[in-house]
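Trainee: Could you take me through one part of this model slowly? I'd like to see how the helices in one chain sit against each other.

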Amino acid sequence: MIEGIPLTHFLIVSTVMFFMGVLGFFIRKNLITILMSIELILNSVNINFLAFNRYLFPDQLQGHFFALIVVGIAAAEASVAIAIIINIYRRFGGIEAEQVSELKN
Amino acid sequence: MNHFSYTIWIPLIPMFMFLILGLGGEKFKPVVSGILGTIGMGVSFFLSLLTAWLYFFSQGLGHTHQTIIAFNNVWLNFTDKLHIDLGVLLDPISVMMLVVITTVSLMVHIYSLGYMKGDTGFQRFYAFLSLFSFSMLGLVVATNIFQMYIFWELVGVSSFLLIGFYYTKPSAVAASKKAFIVTRFADLGFLIGILIISYYNKTFDFSVLTEPNSPAFTTMHATSFMGMSAITWAMLLIFMGGAGKSAMFPLHIWLPDAMEGPTPVSALIHAATMVVAGVYLVARMFPIFYFHAPTALEAVAWVGGFTSIFAAIIACTQFDIKRILAFSTLSQIGYMMLALGVSGYGGEDGLGYMASMFHLFTHAMFKALLFLGAGSIIHAVHSNLMTKMGSLRKYMPWTHITFLAACLAISGIPPFAGFFSKDEILVAAYHHNKVMWLIEYVTAGLTAFYMFRLYFVVFWGKNTEYEHAPHESPATMTIPLVFLGLGSVFAGLIPFSEFVSSDGVPFETVSNPLIAIPSVIIGLAGIIVAWILYKKESEMPKKVIAWMRGSYTTIYHKFYIDEIYIFVTKRIIFNGISQSIAWFDRHIVDGTMTGIGTLIERTSNNIKGLQSGQLQQYAMYFAAGTIALALAFIYLFV
């Protein structure tokens, strides 16, 4: 199904996704959307892993496993992050990233 | 271990007393702490007497007195050879010192029960007295020179504490600092001397250090530095320590000021015990002085001789009775030093050594008595100045009689104690060097004069009107006076050469009438001059002063030695050396440090805005940093 699509295309997609994630991380105010941006970054990395695995070492599985591990970690990270965000909401009455600057004091 | 091992308790009991009294502090009633301290000292006193009895008499007289190590404990172990021990060494001079120290200390303890009554800090006073007694006893029984040095510093500290006992009085504080700094300065020399001599001998132990045949001394002779051999340097430096503690010229300036302390302290520390530590040190190292450093020994003799006449001259012009006694102490210690300096080694030749120790012994008795008597007078009159005293014989019979006995003893009138010991010193000096003999002979006359000047002015002289009629001191004060008075009268009759001699072998002394009779005559002459001038209030002393003019003022100002010191320290050392060093310290050393501080402070002020607490800003910096690094790696390092 992917015959004929060159590796470069996958890399372009993943790069675009990566920088969209970074941009979202920088400019979104809402902590949830920032979290979503992180997921974008992680998934762009996953695409890279899978694409390289498929094109460079088709008879091996390391890339797949890395991708699976990243997905697992991302799930754990999301649960922790959401727990933190809920606590922030209770503490500050909102989930704007700018509100949360108490640690500097 | 041997049957003398109990002697360790002689210094330990005062130490425990110090701990108990020092820690208990105000929790004890004053009288309780006084009596506790006195009992502790009493036990030490009886142990010392017992030791003296066993040491000198258990074998019968006529034997050579052996050196006994009664107790020894390796305290700091550096290597197999190099270790610092603490122990008890018994030989004739240390046993004699034990007796002297505990006797005077016990008398002072009893006396202070009356003298210090009602003073604030009574408990503290007794704690310090115990500390001092402990340190002094530890000093004399030291088995090695380093133990001696440790206790040497401890007596310095307790002297400092006791001089500054009235710490609300600025002059007392200044005096205590002066005493401490001057003696500390001298102790620097002592320490260097110890290090030199121990470096060559590879040990601190007296049994090796005082063995003249030790091969290390040959090496020390061969090594020379600035024209003198290492051994001469070492002994001179050790003597410098002794001179500081014994207040020899030119390090004597602290002793007269030390009279700011309570009078019992002056009696104990600055007359009878601590100030003779220097004499004791020279006596302890005597074989080395004699066999290996005769130059240093000659220096000891001259310094002692000069100090004795120098201090005696000053004493004739002073008005503060305690200061007169202080200068008299200087003078008498000068005698002891001189006697050591002129002594030979072994048997009859060691006469000077024996005389020095004998004089130390008798001097402790009569000088402690003089100080305690002066304390009794001050207690009654509430003043130190003898111009405010007169006719006290009517009010204070006991003080008068005992003071007179002490004056006769120090003036060398037979059969009082001072006559015998001073006579031996004069004989020894005569055999060694006629000039020294002449100096000491003149000093003997001066001594008689200034002591009887003091005596006549205070006890006879004018009929002074007192605001409160003076009265005799309480029994706690007169009993020690009487006890020491008996000592001053009879101590001279002890056949001292049977007990103490330079090599431990007893010998006989014979009095030489050619020396003894002139010395008695000059003593009597001094007394008669004092009688004529001061028995009744008259104009004669003023005429004498007018006749002496400038020289009187010079002497009255103690030859301006203090002023010279002030000039040298404040003008030359402070201005010339200290200030440039202080400038360097303040501007260069401190400046560097402040500079670093300021730099860091400024930098952090500038970058503190970076810590905004904004998560996304941080992320931006992080990303920018990553990109910058990536670019750097790509374009700079590839």
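Mentor: Here is a walk through the helix packing in chain B, with a brief stop at the contact with chain A at the end. Keep in mind that this is a predicted model.

Let's start with helix 19 of chain B, residues 434–459, and its partner helix 14 of chain B, residues 294–315. Their axes are 9 Å apart and meet at an angle of about 25 degrees. An angle under 35 degrees counts as roughly parallel, so that is the label for helix 14 of chain B and helix 19 of chain B. Their crossing is left-handed. On the helix 14 side, the residues in contact include Ala301(B), Gly305(B), Ser308(B) and Ile309(B), and on the helix 19 side they include Met436(B), Ile439(B), Glu440(B) and Leu446(B). By class, this contact between helix 14 and helix 19 of chain B has 10 nonpolar residues, four polar and one charged.

Now look at helix 18 of chain B, residues 417–432, which also packs on helix 19 of chain B. Here the axes are 6 Å apart and the angle is about 150 degrees. That makes helix 18 of chain B roughly antiparallel to helix 19 of chain B. Helix 18 brings Lys422(B), Ile425(B), Leu426(B), Ala429(B), Tyr430(B) and His432(B), while helix 19 answers with Lys434(B), Met436(B), Trp437(B), Glu440(B), Tyr441(B) and Ala444(B). Sorted by class, the contact of helix 18 with helix 19 of chain B has eight nonpolar residues, one polar and three charged.

Next comes another pair in chain B: helix 16, residues 351–381, and helix 17, residues 397–411. Their axes lie 9 Å apart at an angle of about 145 degrees, and the crossing is left-handed. Among the residues that meet are Phe366(B), Leu369(B) and Gly373(B) from helix 16 of chain B, and Thr402(B), Phe403(B) and Ala406(B) from helix 17 of chain B. The contact of helix 16 with helix 17 of chain B splits into eight nonpolar residues, five polar and no charged.

Helix 15 of chain B deserves a look too. Of its 22 residues, 21 are buried, so to speak, making this helix mostly covered. At 1.5 Å a residue, helix 15 of chain B (residues 321–342) should span 32 Å, and its end C-alpha atoms are 32 Å apart, which agrees.

Last, the contact between the chains: nine residues come from chain B and 10 residues from chain A. The chain B side of that contact has four nonpolar, five polar and no charged residues.

Definitions and conventions: Residues numbered from 1 in each chain as written. Chains lettered and ligands numbered in written order. Predicted model: local features only at pLDDT ≥ 70, side-chain atom pairs only at ≥ 80, totals over all residues. Helix = DSSP H or I, 4+ residues; strand = E, 2+ residues; numbered from the N terminus. Expected span 1.5 Å × (residues − 1). Buried ≥ 20, exposed ≤ 12 C-beta atoms within 10 Å, placed from the backbone. Contact = placed C-beta atoms within 7 Å. Nonpolar A, V, L, I, M, F, W, Y, C, P; charged D, E, K, R; others polar. Axes fitted to C-alpha atoms, helices over the stretch in contact; angles between N-to-C directions. Parallel < 35°, antiparallel > 145°, perpendicular 65-115°, else oblique. Left-handed = near helix turned anticlockwise from the far one by under 90°.
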